[in-house]
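Subject: Structure handover

Hi there,

Here is the structure I promised to pass on to you. Please have it open while you read the notes underneath.

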Amino acid sequence: MSTYLSAENLGHSFHDHWLFRNLTLGINRGRRVALVGVNGAGKSTLLKLLSGKINPTEGKVVSQRDLRPGYLEQDPIFEKGHTISDYIFHKDNVQQQLILRYEQLLEEEPDNLKAIEKITEELSAVNAWEYEYQIKNILGRLDIHHLGQRIDTLSGGQKKRLALAKLLIEDPDIYVLDEPTNHLDIDTIEWLEKLLTEGAKTILMVTHDRYFLDNVCNEIVEIDRGKIFTYSGNYQYFLEKKAEREANLEVQFQKNTNLLKKELEWMRRQPQARGTKSQSRINAFYELEDKTKNAGPNAKVELSMKTSRQGNKIMEVNHIGKTFQGRTVIDNFSYVFKKGDRIGIAGKNGSGKSTLLNIFTGQLQPDTGNIDKGETTVIGYFNQAGMNFKEDERVIDVVKNVAEYITMADGKMISASQLLTLFLFPPSRQHGFIRLLSGGEKKRLHLLNILMKNPNFLILDEPTNDLDIDTLNVLEEFLTTYSGILLMVSHDRYLLDKLTDQLFVVSGTGAVDLYNGNYSSFRLEQEEAKQAQKQKPVAVAPTPIAQVQKKSKLSFKEQKELETAEADIAKIEEQVKALTEQLNTITDHQKIVDISNSIEKLNNNLEERTMRWMELTELKES
């Protein structure tokens, strides 16, 4: 199996601190690798090094000749003044430029039939229809529509989706993805899973989404204290093997610690006779000391904050409504929160999930209705925007601004410095500036600030973004036993399933429905309903093109799509048939894998085309 990308004796320092040294790693063709590790371990930096965005302090990155890497940053940066079309479409790509012109005509001059017919012929001449369908599908799925819009007017989430769209359209040899699920709703994440696992794509990614990691990746690489550990298997397998490795390390660490104590006593005896001691034993002592110094068990975030006493009245939501620019987002929603409520909020991006949370917290006032909060209810709100940290402020001052001493769950009082240590900010980091923290470390500090206030009504808006999986596991354990009210928006299906037993389903058209059950149960019911709908017989009668042109409600573009749909479906069916026959005549394992992947991709395409043909036919006849 060929190696696409490799790191050889790689080392990188940041602000005079070495993230890792002498690191060696290879990414083979066809492997889908997840890179995991605690916040600040250097995951994002390693992705930048491997994709050639920055140069290493030492060592080198070697790639296969003519390799086309594609890199998705955690927070993409764009040139000022550019539009979406400037960014998506390459000027030297004939097919892309024709598709761009075609889309512009449909959006800006839909009645210019002569120009549309001319460019339609040009697209057919360069076989660009399949490519146009692919680009349109990707942009639509990622909610990108107005190609002339300036990028600097987009939100952070829209920019991340735009960068992802370009990467998927370019279809590079190797996908290097830093938190690709951030700012995606669950439906889009499931679509992305399917796309990334089609064919034999090569992927290296950092993700905190455990379902996504399990569904996409077949190998896990952990970066731990500057070293690399590789696991071939899913996330559960990784956890088991990591636990075994850490148990062995713990045993070895205890042995080394005991031996070091004995050797230290020996070194301290008769210091005046040090010159007569065995030099080899002295060297062995220093080697053991160095080996033991940074080899202890990994510290873990500890969450055991006190929860304020909750009275009988928690929060009553009475017929609230909210409208933005004539669009109703929340319409006549009522709910009375009760003790033990653990509620997830589900809905597509832009449907109104964050609006609902902002109304609950009082940051946004409803147009109609009201919120009646109990006197003892203390809300803790962890939102997507995070805290407005001052970059030149020190970490410990952020905590001291809330309180010098904090009460833990067992009633014990601890200092701000001790609390920071529990949250994996050692004394050396506590007096460092905010600007030196990674994105995940800032999120962890934000979470700490909220929990210090001992809330009994915890509202979490996308809490998993930028947090490492280890911290998420601890957060999950804390929330499992949390005695207050839990209300959470998250695209992390694993977390929703584990922590909630009810859903507020936000439609985006005003309705907010209550569902009893977790997200997987809700999703299963949706899929069963879709399948039942598909199985209903649909009468389809072929209609001459001349009649379609007289009666059809389709747009020009949709009409052209319908005209070619049946021929495209028949063509794909023939391709599947030919590949299936070929599959029965070969014995080479790699060829079998490649052909099977091709058949799977064609079948997926066939299903999409057939569904689209049915949609257009129904629209035409309505």
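What follows is a walk through the sheets, one loop residue, a pocket and a cavity. Please keep in mind that this is a predicted model.

**The six-stranded sheet**

Let me start with the open sheet of 6 strands, which has the order 5-6-7-3-8-9 and mixed pairing. Its edges are taken by strand 5 and strand 9 (227–231); each has a single partner strand, so one side of each is left without a neighbour in the sheet. On average, neighbouring strands here are turned by 15 degrees against each other, direction ignored.

At one end of that order, strand 5 runs parallel to strand 6 (residues 174–178), and 4 bridges join the two. Leu72 stands opposite Leu177 of strand 6.

Strand 3 (residues 32–36) deserves a closer look. How many of its residues are buried? The count is 5 of the 5, so strand 3 is largely enclosed by the rest of the structure. Both of its faces are covered, with Arg32, Ala34 and Val36 buried on one side and Val33 and Leu35 buried on the other. Its pairing with strand 7 (residues 202–206) is parallel and goes over 3 bridges, with Ile203 as the bridge partner of Arg32. Strand 3 also pairs with strand 8 (residues 219–224), again in the parallel sense, over 4 bridges. There, Ala34 is set opposite Ile220.

**The three-stranded sheet**

Another open sheet consists of 3 strands in the order 2-1-4, with antiparallel pairing. Strand 2 (17–28) and strand 4 (58–63) are at the edges with a single partner strand each, so one side of each has no neighbour in the sheet. The average turn between neighbouring strands of this sheet is 10 degrees, direction ignored. Between strand 1 (residues 3–14) and strand 4 there are 5 bridges in the antiparallel sense, and Leu5 stands opposite Ser63 of strand 4.

**Strand 19 and its partners**

Towards higher residue numbers, have a look at strand 19 (residues 502–506). Here 5 of the 5 residues are buried, so strand 19 is largely enclosed by the rest of the structure. Gln502, Phe504 and Val506 are buried on one side, Leu503 and Val505 on the other, and both faces are thus covered.

Which way does strand 19 run relative to strand 12 and to strand 20, parallel or antiparallel? With strand 12 (residues 342–346) it runs parallel, joined by 4 bridges, and Ile345 stands opposite Phe504. With strand 20 (residues 512–516) it runs antiparallel, joined by 5 bridges, and Val506 stands opposite Val512. Strand 19 and strand 20 form a hairpin with 5 residues between the strands, where Gly508 takes a positive phi near 95 degrees.

**A buried loop glycine**

Gly374 sits in the loop between strand 13 (368–373) and strand 14 (379–382). Its relative accessibility is 4%, and because buried means under 20%, Gly374 counts as buried. In sequence Gly374 is 58 residues from Glu316, yet the two are 8.3 Å apart in space, C-alpha to C-alpha.

**The second largest pocket**

The second largest pocket holds about 610 Å³ of space. Its lining has 27 residues, and those nearest its centre are Phe78, Tyr87, His90, Lys166 and Glu170. Two or more lining residues come from each of strand 5 (69–72), helix 2 (84–88), helix 3 (94–108) and helix 6 (156–170). Strand 5 therefore appears twice in these notes, as an edge strand and as part of this lining. By class, the lining divides into 13 nonpolar, 6 polar and 8 charged residues.

Where does this pocket lie with respect to the domains? Domain 1 (1–68 + 200–272) and domain 2 (79–171) both give residues to the lining, so the pocket lies between them.

**The largest cavity**

There are 2 cavities of 30 Å³ or more, and the largest has about 50 Å³ of space. Its lining is made by Val36, Gly37, Glu222, Tyr235, Phe238, Lys242, Ile469 and Asp470. Helix 9 (235–268) and helix 16 (469–481) each give two or more of these residues, with helix 9 providing the largest share, 3 residues. By class, 4 are nonpolar, 1 is polar and 3 are charged. Val36 links this cavity to strand 3, where Val36 is buried.

Best wishes

Terms used: Residues numbered from 1 in each chain as written. Predicted model: local features only at pLDDT ≥ 70, side-chain atom pairs only at ≥ 80, totals over all residues. Heavy atoms only, no water. 1 Å grid on protein atoms, 1.4 Å probe; cavity = no way out; pocket = protein on both sides within 12 Å on 5 of 7 lines; lining within 4 Å. Points joined across faces, edges and corners; volume = space filled by probe spheres on them. Nonpolar A, V, L, I, M, F, W, Y, C, P; charged D, E, K, R; others polar. Domains from an automatic or database assignment. Pairing = 2+ DSSP bridges. Axes fitted to C-alpha atoms, helices over the stretch in contact; angles between N-to-C directions. Buried < 20%, exposed > 50% of the residue type's maximum accessible area, 1.4 Å probe, protein only.
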